[in-house]
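Student: I am new to this structure and would like a close look at a single part. Could you choose one sheet, take me through it slowly, and then place it in its surroundings?

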Amino acid sequence: MLGKLIKHEFRATARIMLPLIGALLAVSILANLSMRQVGSPNAGQSSVLNILSTIALILFGVGIMAVFIMSIVLMVQRFRSNLLQDEGYIMFTLPVTAHGLIWSKIIVSAVWFLATIAAIAAAGVTSVLRMRYIRDLIDAIRQALPRLTASQAVDGTAAVIEMVLIIIFAAAVMCLIFYAALSTGHGFANHKMLLSVISFIVYTVAMELISSLIANLFTSMGWSLPFYNTLGPSGRFHLTCGYLMFFMAISGAVFYVITAVNLKRRLNLE
Amino acid sequence: MEWQFVDNAPIYSQIVQQMRLNIASGVLAPGERLRSVRDMAVEAGVNPNTMQRALAELERDGLVYSQRTSGRYVTEETSMIEETRKTIAKDYVKSFMESMNRLGYSSREIADIIEAFEKEDGAHGNLKM
Amino acid sequence: MAILKCNELTKQYGSVCALDHISLTIEPGRIVGLLGPNGSGKTTLIKLANGLLTPSSGEILINGDKPGVESKRFISYLPDRTCIATWMTVKQLMDFYMDFYGDFDVDAARQMLSRLGIDEKQRVRQMSKGTREKVQLILVMSRKAGLYLLDEPIGGVDPATRDYILNTIIGNYNPEASVIISTHLIADVENVLDDVIFINCGQIVLTSSVDDIRENNGKSVDALFREVFKC
C-alpha cells in the first residue's frame with residue numbers, strides 16, 4: 001500500500017513541481033543567451049537586447065528562488081491539506097496505516113528536494129554553459145576528488161556519498177519537524193495554524209538547544225578524548241559526518257513519533 | 001405504478017394493500033411478471049427489506065407466486081383475483097356505509113341517494129369507474 | 001457476526017461528553033437511521049467507527065475488529081462534507097479508489113456517472129457543489145463494502161438530488177451489508193429505513209424497527225421524533 005500512496009502523492013505534486021522545474025530550465029537557457037549578449041564585445045550597441053537580457057537574468061534568479069520555496073511550501077501544504085483538512089477524511093479512512101501516510105509524504109518530499117537541488121544545479125550550469133566549459137567541468141570534477149583525498153587525507157568518493165546522505169537526512173528531518181508541528185497544532189480544536197507555528201518554534205528551539213548542548217559537551221571533553229587525537233583529518237571528517245547523521249536520525253525519530261502519535265491519537269478533523 | 005404512503009401504518013402493509021388493489025383492478029394482469037424486489041423498492045422509494053416483506057405476505061395469501069429461477073408472477077387463478085376484488089369492494093362499502101350512518105342516513109335513504117347520483121352523473125356521462 | 005457492535009462506548013472532548021456509555025449492535029442486511037438533533041453525537045459515533053477518533057473508554061467493533069486497516073477495508077464512508085481533492089479528474093478519482101479498495105466496482109461507477117452525464121475527464125474543481133456531492137456518493141456506493149456509513153447524505157440538497165441519493169442507496173442494497181444513515185431530516189429518509197436509533201446528548205433514547213413504531217404508535221417516525229425531542 002505504501003507504493004500506491006507514493007504513486008498518488010507523486011501524481012498530486014508532480015503537476016506543480018514538473019512544470020516549475022521545466023520553466024526553470026527553460027529560463028536558464030534564456031539566461032545563457034543573455035549572458036552571451038551581456039558579455040559579448042558588441043554589448044551596449046543594442047539597448048533593447050540588453051534590457052531583455054537583464055530581464056531574463058532577473059527571471060532566472062526569481063526562478064531559482066521560486067522552485068526552492070515552492071518545494072518547501074508544497075511539502076507543508078500537502079501534509080496540511082491532504083491529511084489535516086477535509087481531504088483527511090478520505091486519507092485516514094483508507095485501508096492504510098498512519099505510518100504509511102507519513103512515510104509516503106516524507107519520501108515524496110525528499111525526492112522533490114533532491115530534484116530541486118539537482119534542477120537548480122543543472123540550471124546554474126546551463127546558464128553559464130559554453131562548449132569548452134563542459135570539458136573544463138568534467139576535468140575539474142575528475143581532478144577534485146583525488147585532490148581532496150590528497151590534500152585533506154579524506155577519501156573523496158566516500159565524502160561525496162556522506163554529503164549526499166546528509167542532505168537526504170536533513171531533508172527528511174526538515175519534513176518531520178514541519179509534520180510534527182502541524183500535527184501538534186491541528187490536534188487542538190481552535191487556532192490550529194497559530195498553534196502549529198508555535199509548536200514549530202518550540203520544536204526548532206528545542207532541537208537547537210540540544211544540539212548545541214551536545215556540541216558543547218563534545219568540545220569540552222570530546223576533543224581531549226584519547227581516541228579522537230589518534231584520528232587523522234580523514235577520520236575526524238568521517239566522525240563528524242557520522243555524528244551529524246546520528247543526531248539527525250535521533251531527532252528525526254523523535255519528530256516521527258510525535259507526528260505518528262498525533263495522527264493516531266489526537267486526530268481532530270473539523 | 002404510483003405509490004403513496006400515509007404516516008400511521010407500516011409501509012409494508014400499505015404496499016400489500018396497494019398491490020392487492022392493482023391486482024384486483026387489473027393494473028397488474030393475471031400471470032404478469034413482477035420486476036425484481038430491488039427495482040420495485042427503488043420505484044416505491046422504500047427499503048428493499050420492506051418490499052420483500054410485502055411480497056412475502058402477498059405470496060402467503062396466494063396472490064403472487066415465485067418461480068425459483070425466473071422471479072415473481074401475479075397469480076393466474078382468476079377465482080382468487082375475483083375474490084380479492086370482492087373483499088376490497090366489501091371493505092369500501094363497509095366504510096362508506098359507516099360514514100353515511102354517521103351522517104344519520106338509513107340504508108333505504110342511502111339507496112335513494114345512490115340512485116339519484118347515478119341518474120345525475122350518468123346523464124352527464126361523468127361517472128367513471 | 002454483528003456488523004457493528006459498541007460496548008459502553010464513551011467519547012469525551014475535554015470535559016464535554018459527546019458519547020456516554022453507548023451499547024448497540026447492528027446486524028447484516030439492515031438499513032439503519034441514526035437520528036438525532038444537531039450535536040447529539042451522531043458524527044462522533046460515525047468517526048469512532050471509522051477510526052477518525054479514538055474512544056475515551058469502552059470499545060467499538062466492526063465485523064469483530066477494532067478500527068484499523070481491516071475495518072477500513074470493510075467500511076465505505078461518506079463524510080458529512082465534500083472531501084474529494086478538487087484538482088483531480090473523475091478518472092483520477094476512480095483510479096485512486098481502485099488502487100486502495102479491492103471491492104471498488106468501476107463499471108458500476110461508470111454507469112452511474114454516465115447516467116448523470118458526468119464526463120470522466122472533468123475536474124472536480126469545475127463542478128457545481130451538487131455534482132461534487134453526487135460524485136462522492138457514487139464513489140462511496142460503488143464499493144461492495146460490508147458497512148456503509150453515510151453521514152448526513154441528504155443535508156442541504158434539493159429534492160431531486162435527495163431522491164437520487166436515496167435511490168442510489170436502495171439500488172445498491174446488498175443483503176450481506178448494512179447501511180447506517182445519520183441525519184436529522186427524518187421524513188425524507190424514513191421510508192428507506194429498517195431500523196432507527198434515536199440519539200440525544202450522547203445517549204441512545206430509543207432503538208426500534210420502523211414498522212414497529214408505525215404499528216405500535218400509529219404514527220410516522222418523524223412524528224415520534226418530534227414528540228421525543230420536543231423543545
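Tutor: Before the sheet itself, one definition is needed, since a helix that crosses it will be described by an angle: axes are lines fitted to C-alpha atoms, for helices over the stretch in contact, and angles run from 0 to 180 degrees between N-to-C directions. Please also keep in mind throughout that this is a predicted model.

The part I have chosen is in chain C, where 3 strands form an open sheet with antiparallel pairing, in the order S2-S1-S4. Strand S2 (16–26) and strand S4 (57–62) of chain C stand at the edges, and each has a single partner strand, so one side of each is left without a neighbour in the sheet. If you compare the directions of neighbouring strands while ignoring which way they run, you find them turned by 25° against each other on average.

Let us take the two pairings in turn, beginning with strand S1 (residues 4–13) of chain C and S2(C), which pair in the antiparallel sense over 7 bridges. Along this pairing you can look for Cys6(C), which stands opposite Leu24(C) in S2(C), and then for Leu9(C), which stands opposite Ile22(C) in S2(C). S1(C) and S2(C) belong to a hairpin with 2 residues between the strands, and in this hairpin Gly14(C) takes a positive phi near 60°.

The other pairing joins S1(C) to S4(C), again in the antiparallel sense, over 5 bridges. Here a useful place to rest the eye is Thr10(C), whose bridge partner in S4(C) is Ser57(C). When you follow any such strand residue by residue, it helps to remember that in a regular strand the side chains alternate between the two faces of the sheet.

Now we can return to the helix for which the angle was defined. Helix H1 (residues 42–50) of chain C lies across S1, S2 and S4 of chain C, and its direction makes an angle of about 115° with S1(C).

With the sheet in view, we can step back to the chain that holds it. The secondary structure of chain C comes to 9 helices and 9 strands. Its radius of gyration is 18 Å, close to the 17 Å that the globule rule gives for 231 residues, so chain C is as compact as a globular protein of that length. Along its principal axes, the C-alpha trace of chain C spans about 50 × 40 × 35 Å. Of the 231 residues in chain C, 48% count as buried. Among the contacts in chain C with a separation of 6 or more, 71% come from residues 24 or more positions apart.

Finally, chain C also has a neighbour to consider, for 16 residues of chain A are in contact with 16 residues of chain C. On the side of chain A that touches chain C, the elements giving two or more residues are helix H1 (2–39) and helix H3 (88–91) of chain A, and H1(A) gives the most, with 3 residues. Sorted by class, that side of chain A has 8 nonpolar, 3 polar and 5 charged residues.

Key. Residues numbered from 1 in each chain as written. Chains lettered and ligands numbered in written order. Predicted model: local features only at pLDDT ≥ 70, side-chain atom pairs only at ≥ 80, totals over all residues. Contact = placed C-beta atoms within 7 Å. Helix = DSSP H or I, 4+ residues; strand = E, 2+ residues; numbered from the N terminus. Nonpolar A, V, L, I, M, F, W, Y, C, P; charged D, E, K, R; others polar. Pairing = 2+ DSSP bridges. Rg over C-alpha atoms; globule rule 2.2 N^0.38 Å. Buried ≥ 20, exposed ≤ 12 C-beta atoms within 10 Å, placed from the backbone.
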